[in-house]
Amino acid sequence: LLNFNVNAAQNYCTKEDVQSKFIIHIYGESYQNDDDKRLFLRGLDKLQSKFTRGDKIRIVNHTGAQATTKLDKCLPGCPKKGMIGSLLNSECSEQVAKKDMVLFKRKYIKIIKNALAKSSNEYNVIDHLVGLDNFHRGRNIGKQKVFVFHSLLPYAVDPNDNNSYNENFVKVSQSNKLSEVNVPNVIFVNPNRSKATLKFWDDLKYDGHEDGLNISFNTEIID
């Protein structure tokens, strides 16, 4: 029986968990410079510290407009009990939980590394937003905390050079129906906040014209 308890798979999800508590979207392609990569890693590290035992965590990796779920698990850990309580209730093995936590962290880090490995990919930033909207369309995210890790930089720009955005602005304007782009109620964590980046997104609104972009980004700086 002892051997069975040590080796058996454990369910760490709390009974009330019907859906993921945290949904984390990662756009590794968008991190083109070291400063944004540092903000990306710092934000993920801080966010991980908010996870508690039993939280269901889903990580979705994005490449272009394609979304792939890389992790969908509850954070390992046993309920806190006194010594006597542990003897009477062996449903959760601390030994197995610690091992599963190590595996969870390894998976978490691997997903991040694989995402950053795509940082040299060419991409259309609007395709990223379309993919995010497609993923959440029809899903109820009312009780979930949805975080998006995206620099909000268009491809191949220098955040400190307004002129470097011009080519991307033309490409985005010509290849997308901007007025049809929507973004769900999510939080963009640690996006690039340079004046040039903010101006790029503001210019895509076409001064309020019906053909322009009609979205706003809910952002949060976690450092």
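Rings of Phe, Tyr and Trp count as a pair when their centres lie within 6.5 Å, with the six-membered ring used for Trp. Keep that in mind for the aromatic view below; every panel shows a predicted model.

**View 1. The whole fold, with seven helices and six strands.**
Let us start with the overall layout. Along the sequence, the elements follow the pattern α-β-α-β-β-α-α-α-β-α-β-α-β. The protein has 223 residues, and 41% of them are buried. Among contacts between residues at least 6 apart in sequence, 81% join residues at least 24 apart.

**View 2. An open sheet of six strands.**
The strand order is β3-β2-β1-β4-β5-β6, and the pairing is mixed. At the edges sit β3 (66–74) and β6, each of which pairs on one side only. Strands of a sheet pair through backbone hydrogen bonds, either parallel or antiparallel. Between β1 and β2 the sense is parallel, with five bridges. For β4 and β5 the sense is again parallel, over two bridges, and here V148 stands opposite F188 of β5.

**View 3. Strand β1 and its partner β2.**
Here we zoom in on β1, residues 22–26, where five of the five residues are buried. Which residues point one way from β1, and which the other way? F22, I24 and I26 point one way, while I23 and H25 point the other way, and all are buried. To find the pairing with β2 (residues 56–63), look for I24, whose bridge partner in β2 is I59. Strand β2 is largely enclosed by the rest of the structure, because six of its eight residues are buried.

**View 4. Helix α4, from residue 94 to residue 116.**
This close-up follows one helix from end to end. At 1.5 Å a residue, the 23 residues of α4 should span 33 Å, and the end C-alpha atoms are indeed 33 Å apart, so the two values agree. The buried residues of α4 are V96, A97, F104, Y108, I111, I112, A115 and L116. An α-helix has 3.6 residues a turn, so residues three or four places apart point the same way. That is handy to remember as you follow the side chains along the helix.

**View 5. The largest nonpolar core, with 28 residues.**
Which residues have the most contacts inside this core? They are I126, L129, V186, F188 and W201. Helix α5 (125–136), strand β4 (145–149) and helix α7 each supply at least two residues of the core. The largest share, five residues, comes from α5. Apart from this core lies another one of 22 residues, with F40, L44, I111 and A115 among them. Back in the largest core, W201 is a good place to look around. Leaving out residues up to four places away in sequence, W201 touches V125, I126, L129, L152, L213 and F217.

**View 6. An edge-to-face pair, F188 and F217.**
A search of the whole structure finds 12 aromatic pairs. A pair of aromatic rings is described by the distance of the centres and the angle of the planes. For F188 and F217 the centres are 5.1 Å apart and the planes stand at 80 degrees; angles over 60 count as edge-to-face, so this pair is edge-to-face. Because F188 lies in strand β5 (residues 187–189) and F217 in the loop between α7 and β6 (219–220), the pair ties together parts that are 29 residues apart in sequence. Are the two rings' residues buried or partly exposed? F188 counts as buried, at 1% relative accessibility, whereas F217 counts as partly exposed, at 22%. Both belong to one aromatic cluster, formed by Y165, F169, F188, F200, W201 and F217.

**View 7. T197 in helix α7.**
The last close-up centres on a single residue of α7, the helix of residues 195–203. T197 is buried, with a relative accessible area of 1%; under 20% is what buried requires. With which side chain does the side chain of T197 make a polar contact? The partner is the side chain of N192, at 2.9 Å. Setting aside neighbours within four places in sequence, T197 is in contact with L152, L153, Y165 and N192. Two of these names may look familiar: L152 is also touched by W201, and Y165 is part of the aromatic cluster.

Definitions and conventions
Residues numbered from 1 in each chain as written. Predicted model: local features only at pLDDT ≥ 70, side-chain atom pairs only at ≥ 80, totals over all residues. Heavy atoms only, no water. Helix = DSSP H or I, 4+ residues; strand = E, 2+ residues; numbered from the N terminus. Buried < 20%, exposed > 50% of the residue type's maximum accessible area, 1.4 Å probe, protein only. Polar contact = N/O pair within 3.5 Å; in protein donor to acceptor, adjacent residues only side chain to side chain. Contact = heavy atoms within 4.5 Å. Expected span 1.5 Å × (residues − 1). Core = buried A, V, L, I, M, F, W, Y, C linked by side-chain atoms within 4.5 Å. Phe/Tyr/Trp six-rings, centres within 6.5 Å; stacked < 30°, edge-to-face > 60°. Pairing = 2+ DSSP bridges.
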